[in-house]
Amino acid sequence: MRNIEVSPSIISSDLSDLRSEIKKCEDAGAGSFHLDVMDGNFVDNITMGPDLIRAVRKSTKLRLDAHLMINRPDKYYRDFLSAGADVLLIHYESPVDIGELINKFERDGIRYGIVINPDTEFRKVKKYLPGSEILLIMSVYPGFSGQKFINSIIPKIKEASDYIKSEHLKTRIEVDGGINDITGKQCVENGAEILVSASYIFNNDIYKSIQTLKNL
Ligand code: DX5
Ligand code: ZN
């Protein structure tokens, strides 16, 4: 059996009962939590800021990944760290100097991962991988949960996985968007190690869906 890490995106949970939703995910074997931060500029939607992350932090000891879909990650990342995020997931497409931002993270010992949109080629981020804990491959265009998985990103997972193996890197491949039992399996078969899911988990039985994804 593969050891898939499931990272529930709490954006689709019952936020009025967040603590118990988090507990249910933990009991089902979630490995981390995924926090979808959207600023209404980088994407056409507004979700959460540091205060909600602070509330999540009080409810779990699992790793918290902040997926920063914002125009100024360079300006705001410290707020997410002080709210309790462990790993910052930064979009290659952000309108900031990614190389410079990563240098800062390296210097300050900040954990990070790089995110690529469905139409961004893998080769563009190769040089950022050595220090990246995670390569997050988007399988929908960021902005909303509940979208359909874009099948054409599958070869990119394989390409990234082959490259990471050949270079003996520690980066883990994560996929985000439209994940369910069928699409999740395709991702895992091509080298994904972490699966993010919002609607498949929270619109179904939390325990069963997390268990299904873990055991694909
Ligand atoms: C999309 C977000 C995803 C999304 C996942 O912009 O980054 O994390 O919420 O939602 P589902 O699993 O419903 O596609
Ligand atoms: Zn996300």
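This is a short tour of one predicted model, stop by stop.

Residues count from 1 along each chain as its sequence is written, chains are lettered from A and ligands numbered from 1 in the order in which they are written. In this predicted model, local features need pLDDT of at least 70, side-chain atom pairs count only at pLDDT 80 or more, and totals for chains, interfaces and linings use all residues, while side-chain values use heavy atoms, with hydrogens and water left out.

**Stop 1: strand S8**

Select residues 194–197, strand S8. Helices (H or I, at least four residues) and strands (E, at least two) are DSSP runs, numbered from the N terminus. In a regular strand the side chains alternate between the two faces of the sheet. Here Ile194 and Val196 lie on one side, Leu195 and Ser197 on the other. All four are buried (under 20% relative accessible area; exposed is over 50%, partly exposed in between; 1.4 Å probe, protein chains only).

**Stop 2: the neighbours of S8**

Add strand S1, residues 5–8. S1 pairs with S8 in the parallel sense over four bridges; pairing takes at least two DSSP bridges. Look for Val6 opposite Leu195. Now add strand S7, residues 172–176. S7 and S8 run parallel too, joined by three bridges. Glu174 stands opposite Ile194. Follow the chain from S7 through helix H6 (residues 181–189) to S8: this β-α-β crossover is right-handed. That is, with the strands pointing away from the viewer, the path from the first strand over the helix to the second runs clockwise.

**Stop 3: the zinc ion**

Select ligand 2. Which residues coordinate the zinc ion? They are His34 (NE2), Asp36 (OD), His67 (ND1) and Asp176 (OD), at 2.1 to 2.3 Å. Donors are N, O and S atoms within 2.8 Å of the metal (3.2 Å for Na, K and Ca); water is not among the atoms, so sites may look incomplete. Asp36 in strand S2 (residues 32–38) and Asp176 in S7 are 140 residues apart. Both Asp36 and Asp176 are buried.

**Stop 4: ligand 1**

Select ligand 1 and the 20 residues around it, those with a heavy atom within 4 Å. Asp36, Gly143, Asp176, Gly178 and Ser199 come nearest. Backbone N or O atoms of Gly143 and Gly178 lie 2.7 Å and 2.8 Å from an oxygen atom of ligand 1.

**Stop 5: Pro130**

Finish in the loop between strands S5 (111–116) and S6 (134–138), at Pro130. Pro130 counts as exposed because its relative accessibility is 61%. Its C-alpha atom is 7.5 Å from that of Lys170, 40 residues apart along the chain.

Terms used
A polar contact is a pair of N or O atoms within 3.5 Å; within protein, one must be able to donate a hydrogen and the other to accept it, and residues adjacent in sequence count only if both atoms are side-chain atoms.
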